[in-house]
Amino acid sequence: PNGNLGFLGRNKRHVNYYGKKIELSTIEFLLNQHPGINHVLVTSEISQPNKVSLDCFIDLNDAAINYSTLREYLRDSLSHFTIPTKFYVVKQMALTANGKLDRKATSQVVVREIKPDLTPPNTALQSELINLWQEILSTEAIGLHTNFYDLGGSSLLFVQMLERVNQRFDLSLPSALSIKTI
């Protein structure tokens with residue numbers, strides 16, 4: 001009323017991951033273009049130092065959409081580290097009175113998690129490697145064909161993983177080795 005403008009701050013919708021900026025709104029925009037999706041909300045969580053988890057809450061209109069479909073859809077447009085690692089189907093997104101996504105809503109009603117198809121280990125060595133990956137990546141959902149980088153792995157975590165493999169199995173694998181799956 002007095003003609004003064006007030007600066008209320010900046011609406012921060014990005015996350016820094018190893019010095020790279022991840023725009024959450026870009027991920028949401030791309031997923032909202034998918035014909036089987038009504039609304040999307042992407043959130044970030046820092047579970048441990050330098051470990052950002054991107055979680056995606058989706059209001060689907062196509063129940064046949066699976067984990068691989070979502071990741072492949074985003075892979076054409078985004079770097080691997082900007083693709084969410086967890087996808088949750090919600091009953092209905094909270095919307096504001098004018099129909100926009102209510103980002104201030106404290107919780108979404110999760111119906112189910114969309115999980116990757118996991119191939120179980122066949123040998124003791126494969127089981128041991130899966131356990132090692134679970135420790136390093138802080139996740140339980142790992143199968144033989146699961147991509148290390150799709151789970152939030154980075155080059156730094158990859159070097160740590162190789163170091164542990166070398167110690168545990170008395171090997172000397174080079175750090176230039178490019179293994180993505182077990």
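How do the residues of the lining of the largest cavity divide into nonpolar, polar and charged? In this predicted model, the split comes out at 7 nonpolar, 4 polar and 1 charged. A search of the whole structure turns up just 1 cavity of 30 Å³ or more, and the volume of the largest cavity is about 90 Å³. On the nonpolar side, its lining includes Tyr17, Val52, Leu54, Phe81, Ile83, Pro84 and Tyr149. His80, Thr85, Gly152 and Gly153 make up the polar share, and Asp150 supplies the charge.

Next come the pockets. The second largest pocket has a volume of about 220 Å³. Its lining takes in 13 residues, and those closest to its centre are Tyr67, Ser68, Pro116, His145 and Asp150. Asp150 thus turns up twice, in the lining of the largest cavity and in that of the second largest pocket. By class, the pocket lining has 3 nonpolar, 5 polar and 5 charged residues.

Out on the surface, Leu171, Leu173 and Leu177 come together as a nonpolar patch. Taken together, these three leucines have about 210 Å² of accessible area. Leu171 sits in the segment that follows helix 4, which spans 155-169. Is Leu171 buried, exposed or partly exposed? Its relative accessibility is 43%, so Leu171 counts as partly exposed, given that this class runs between the 20% limit for buried and the 50% limit for exposed.

Methods:
Residues numbered from 1 in each chain as written. Predicted model: local features only at pLDDT ≥ 70, side-chain atom pairs only at ≥ 80, totals over all residues. Heavy atoms only, no water. 1 Å grid on protein atoms, 1.4 Å probe; cavity = no way out; pocket = protein on both sides within 12 Å on 5 of 7 lines; lining within 4 Å. Points joined across faces, edges and corners; volume = space filled by probe spheres on them. Patch = residues over 30% accessible without salt bridge, like charges linked within 9 Å, V, L, I, M, F, W, Y side chains within 5 Å. Areas by Shrake-Rupley, 256 points an atom, 1.4 Å probe, with all protein chains shown as cover. Salt bridge = Lys/Arg side-chain N within 4 Å of Asp/Glu carboxyl O. Helix = DSSP H or I, 4+ residues; strand = E, 2+ residues; numbered from the N terminus. Buried < 20%, exposed > 50% of the residue type's maximum accessible area, 1.4 Å probe, protein only.
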